[in-house]
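User: Could you take a close look at one helix in this model for me, and then walk me through the parts you find worth a look around it?

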Amino acid sequence: MKFYSLNKQAPEVSFKDAVIKGIAPDRGLYFPESITPLPDSFFKGIENLSNQEIAFNAIHQFVGDEIPNEKLREILAIVLDFDFPVVEIEENIATLELFHGPTMAFKDVGARFMANCLGYFSENTTNEVTVLVATSGDTGGAVANGFLGVDGVKVVILYPNGKVSDIQERQLTTLGQNITALEVDGTFDDCQKMVKTAFLDEALLSKMQLTSANSINVARWLPQLFYFLFAYKQAKSQGKEIVFSIPSGNFGNVCAGMVAQKLGMPVKHFIAATNVNDTVPEFMNTGVYNPKPSIATISNAMDVGDPSNFIRIRHLFDDNLEKLKQNLSSFTFSDEETKEAMKSIYRDSKYVADPHGAIGYLGLKKHQISNPDTYGIFLETAHPVKFLDVVEETIPETISIPEQIKKVMDKEKKSIPTKSYDDLKAFLLHR
Ligand SMILES: *Cc1c(COP(=O)(O)O)cnc(C)c1O
């Protein structure tokens, strides 16, 4: 499969090159040249297929013959070794729990898939790849875990000092080996800016192969479409039209859901629910895309003022706002509303939602006011333990610490203080 740049000023590349480059030389995001629907029989019989079989059928056309089928199946078995349950919490409302992986946020699948693809592509070369990634919290841990010990790949994670939770910080600073954490004296936006500067720095690029492990990378973005198929497999017996509500920051997850729809999955509507970082909800109302600096909230993994994947969503719907509105609604919610939702979900259903999932729930509720006869699924993108302080001060429940998290709690933090882009560059050139 070929991938083209959405800026249209760069040559088409193979899947392999799209993964290794991360972003096109014209700064555009890569997009598959075609999306061929799966046969009806696939969706009719989906409940008889294993998750790995579903994933193989869905991703195969994008990978083509660049990874042998046997190897691709092997990779999917490693990536998908945990459950993705749909849990009903009210009549016609269920949550798709995406937090049963090693770092307990949904980014594990994309990070592991990308790590295994890069690992395969670097098997027979001596060219080392450096993965550079900025994190507001969950990406760092998932990438560190997914890439740990992958030969030929070095990982450098930039995170904002004092702005990630204690658990998140341990997940990205304690692993060692080929993973290094740079603790940036600044905000997530500063980290992201430093990464972007590095990708434009010719002097640096002439010395090393840099790639990104954010959801701009097709190998991190595309496997997220599996979630929607796994949910469909579990919910289709409800016999109702399905709507998905996705708590969104960079809009990679919801965009992957839309690729599942293009593959022919029956789905009536998507809701992208955001915190007060409302660039997309505003766009859906006004037609004007006005990126802003990010605002800190209790759902910190979605504190994004200029969502990088939204351009892919617009492209999927031919840049036609009316067409997009038929498939997507987007709503914004405050921290106060988020906490109220966590409380009411707990009170009425005894379910503990994390702040991100609670925003997904709110978006779904709002949509169902005018679309009551639907089966709504909101995505629970992280385990509540990852946001322990907020969760425990909002609802009367003590969260027990799962094994995956205990493992990192008493490991030693190792990070390199970083003040400026020059520090980052010096580190990359001289480590
Ligand atoms: C990354 C993340 C999101 C946002 O996902 P996008 O694909 O960037 O929209 C939502 N919730 C949690 C917990 C996350 O870690």
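Analyst: Sure, let's start with helix H3, residues 51-63. At 1.5 Å a residue, its 13 residues should span 18 Å, and the end C-alpha atoms are 18 Å apart, which agrees. Keep in mind that this is a predicted model. H3 does have a kink of about 30°, centred on Asn57.

Now for what is covered in H3. The buried residues are Asn51, Ile54, Ala55, Phe56, Ala58, Ile59, Gln61, Phe62 and Val63. A bit of helix geometry helps when you read that list: an α-helix has 3.6 residues a turn, so residues three or four places apart point the same way. With that in mind, try tracing Ile54, Ala58 and Phe62, which are among the buried residues of H3. Just past the end of H3 comes Gly64, with a positive phi of about 60°.

Another helix to compare by eye is H12, residues 252-262, which is mostly covered, with 10 of its 11 residues buried. Those buried residues are Gly252, Asn253, Val254, Cys255, Ala256, Gly257, Met258, Val259, Ala260 and Gln261. After H12 you reach Gly264, whose phi is positive too, near 105°.

H12 also takes us to the ligand. A backbone N or O atom of Gly252 lies 3.2 Å from a ligand oxygen atom. Just before that in the sequence, a polar backbone atom of Phe251 is 2.9 Å from an oxygen atom of the ligand, and for a polar backbone atom of Asn250 the distance to a ligand oxygen is 2.8 Å. The ligand has 390 Å² of accessible area on its own, and the protein covers 97% of that. There are 15 residues around the ligand, and the ones that come nearest are Lys107, Asp138, Gly249, Asn250 and Thr381.

On to the strands. S6, residues 129-134, is mostly covered: 6 of its 6 residues are buried. In a regular strand the side chains alternate between the two faces of the sheet. Here Val129, Val131 and Val133 point one way from S6, while Thr130, Leu132 and Ala134 point the other way, and all are buried. S6 pairs with S7, residues 153-160, in the parallel sense over 6 bridges, and you can find Val131 opposite Val155 of S7. S7 in turn pairs with S8, also in the parallel sense and over 6 bridges; there, Leu158 has Leu182 in S8 as its bridge partner. Strand S8 covers residues 179-184, and 5 of those 6 are buried, so it is largely enclosed by the rest of the structure.

Near the start of the chain you'll see another arrangement: 3 strands in an open sheet, ordered S2-S1-S3, with antiparallel pairing. The edge strands are S2 (13-14) and S3 (30-32), each pairing on one side only. S1, residues 2-5, and S2 pair over 2 bridges, and Lys2 has Ser14 of S2 as its bridge partner.

One last spot is Gly287, in the loop between helix H13 (279-286) and helix H14 (310-316). Gly287 is partly exposed, with a relative accessible area of 34%. Its C-alpha atom is 29 Å from that of Glu380, which is 93 residues away along the chain.

Notes:
Residues numbered from 1 in each chain as written. Predicted model: local features only at pLDDT ≥ 70, side-chain atom pairs only at ≥ 80, totals over all residues. Heavy atoms only, no water. Helix = DSSP H or I, 4+ residues; strand = E, 2+ residues; numbered from the N terminus. Expected span 1.5 Å × (residues − 1). Bend = angle between axes of the 7 residues up to and from the residue. Buried < 20%, exposed > 50% of the residue type's maximum accessible area, 1.4 Å probe, protein only. Near = heavy atom within 4 Å. Polar contact = N/O pair within 3.5 Å; in protein donor to acceptor, adjacent residues only side chain to side chain. Areas by Shrake-Rupley, 256 points an atom, 1.4 Å probe, with all protein chains shown as cover. Pairing = 2+ DSSP bridges.
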